[in-house]
Amino acid sequence: MSERRNAGRLDFGALRHAIEGGDPDSMLEFFADDAVVRVQGGGAVSFEVEGKAEVAKYLRAVHARPAVHRVENEVLAEGRIHFEESCEYPDGARAVVATTLEVREGEISRQVDLVVGRDGPTRREGRETGGEV
């Protein structure tokens, strides 16, 4: 069993650290092999990726652009996590993404990202409280 999971629970503190550190490979360790990620809103075309390999491509693309990522306002419940991720880019662009994770057996089975705010010179988007879910 991965160190990221403990007795079937996801280590949210470690996930937060990976997101805020911009480390897509560490983030990927939290996803189930059959995970689905859906991105909606913000004037962008909504899309969905399925499977860990496609999730990896998505996470690497998001974090290829330098940015400061902050995880805020998290709510941890049985089988579900909600948080907001604010992203600030060197060119002044900003984005806020509301994320909901569905957790099954300590792994993310589904992630839904809703782009709720974006401003700045570009329209591109990106992405230590401990706790377990």
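**Exercise 1. The hairpin of strand 5 and strand 6**

Task: In this predicted model, find which residue in the hairpin of strand 5 and strand 6 takes a positive phi, and work out how the two strands pair.

Solution.
- Step 1. Start at the turn: the hairpin has 2 residues between its strands, and glycine 79 takes a positive phi near 80°.
- Step 2. Move out to the strands themselves. Strand 5 covers residues 68-77 and strand 6 covers residues 80-88. They pair in the antiparallel sense, over 8 bridges.
- Step 3. Pick one bridge to fix the register: histidine 69 has cysteine 87 of strand 6 as its bridge partner.
- Step 4. Check the backbone inside strand 5 as well. Asparagine 73 belongs to this strand and has a positive phi of about 55°, although it is not a glycine.

**Exercise 2. Valine 68 in its surroundings**

Task: Decide whether valine 68 is buried, partly exposed or exposed, and list what it is in contact with beyond its sequence neighbours.

Solution.
- Step 1. Locate the residue: valine 68 is found in strand 5.
- Step 2. Take its relative accessible area, 47%. Buried means under 20% and exposed means over 50%, so valine 68 is partly exposed.
- Step 3. Set aside the neighbours within four places in sequence; valine 68 is then in contact with Ser86, Cys87 and Glu88.
- Step 4. Look for a partner far along the chain. Glutamate 20 is 48 residues away in sequence, yet its C-alpha atom is separated from that of valine 68 by 7.1 Å.

**Exercise 3. Building the sheet**

Task: Give the strand order of the open sheet, and explain why strand 4 and strand 5 each have one side without a neighbour in it.

Solution.
- Step 1. Write down the order of the 6 strands: 4-3-8-7-6-5, with mixed pairing.
- Step 2. Read off the ends. Strand 4 (47-50) and strand 5 are at the edges and each has a single partner strand, so one side of each lacks a neighbour in the sheet.
- Step 3. Add the geometry: on average, neighbouring strands here are turned by 15° against each other, direction ignored.
- Step 4. Now place a helix. Helix 1 (residues 12-20) packs on the sheet and touches strand 5, strand 6, strand 7 and strand 8. Its direction makes about 160° with that of strand 5.
- Step 5. Add another helix: helix 3 (residues 52-62) lies across strand 3 (31-41), strand 4 and strand 8, and runs at about 45° to strand 3.

**Exercise 4. Strand 7, strand 8 and the loop between them**

Task: Describe how strand 7 and strand 8 pair, then classify glutamate 105 and glutamine 111 as buried or exposed.

Solution.
- Step 1. Strand 7 (residues 94-104) pairs with strand 8 (residues 107-119) in the antiparallel sense, over 11 bridges. One of the bridge pairs joins valine 97 to valine 115 of strand 8.
- Step 2. Glutamate 105 sits in the loop between strand 7 and strand 8. Its phi is positive, near 50°, in a residue other than glycine. Its relative accessibility of 66% makes it exposed.
- Step 3. Glutamine 111 lies in strand 8. With 4% relative accessibility, it is buried.
- Step 4. See what the side chain of glutamine 111 does: it makes a polar contact with the side chain of aspartate 113, at 3.0 Å.

**Exercise 5. Helix 1 and the core**

Task: Find how many residues of helix 1 are buried, and which residues touch the most other members of the largest nonpolar core.

Solution.
- Step 1. Begin at the N-terminal end of helix 1, which aspartate 11 caps: a side-chain oxygen lies 3.2 Å from the backbone nitrogen of glycine 13. Just after the helix, glycine 22 takes a positive phi of about 65°.
- Step 2. Count the cover: 7 of the 9 residues of helix 1 are buried, among them Phe12, Leu15 and Ile19.
- Step 3. Ask what covers them. The buried residues pack against strand 2 (9-10), helix 2 (24-28), strand 5, strand 6, strand 7 and strand 8.
- Step 4. Turn to the largest nonpolar core, with 27 residues; Leu10, Leu15 and Val55 touch the most other members. Helix 1, helix 2 and helix 3 are among the elements that each supply at least two of its residues.
- Step 5. Finish with valine 55: not counting residues up to four places away in sequence, it touches Leu28, Phe31, Ala35, Val37 and Val49.

Key:
Residues numbered from 1 in each chain as written. Predicted model: local features only at pLDDT ≥ 70, side-chain atom pairs only at ≥ 80, totals over all residues. Heavy atoms only, no water. Pairing = 2+ DSSP bridges. Helix = DSSP H or I, 4+ residues; strand = E, 2+ residues; numbered from the N terminus. Axes fitted to C-alpha atoms, helices over the stretch in contact; angles between N-to-C directions. Contact = heavy atoms within 4.5 Å. Buried < 20%, exposed > 50% of the residue type's maximum accessible area, 1.4 Å probe, protein only. Polar contact = N/O pair within 3.5 Å; in protein donor to acceptor, adjacent residues only side chain to side chain. Core = buried A, V, L, I, M, F, W, Y, C linked by side-chain atoms within 4.5 Å.
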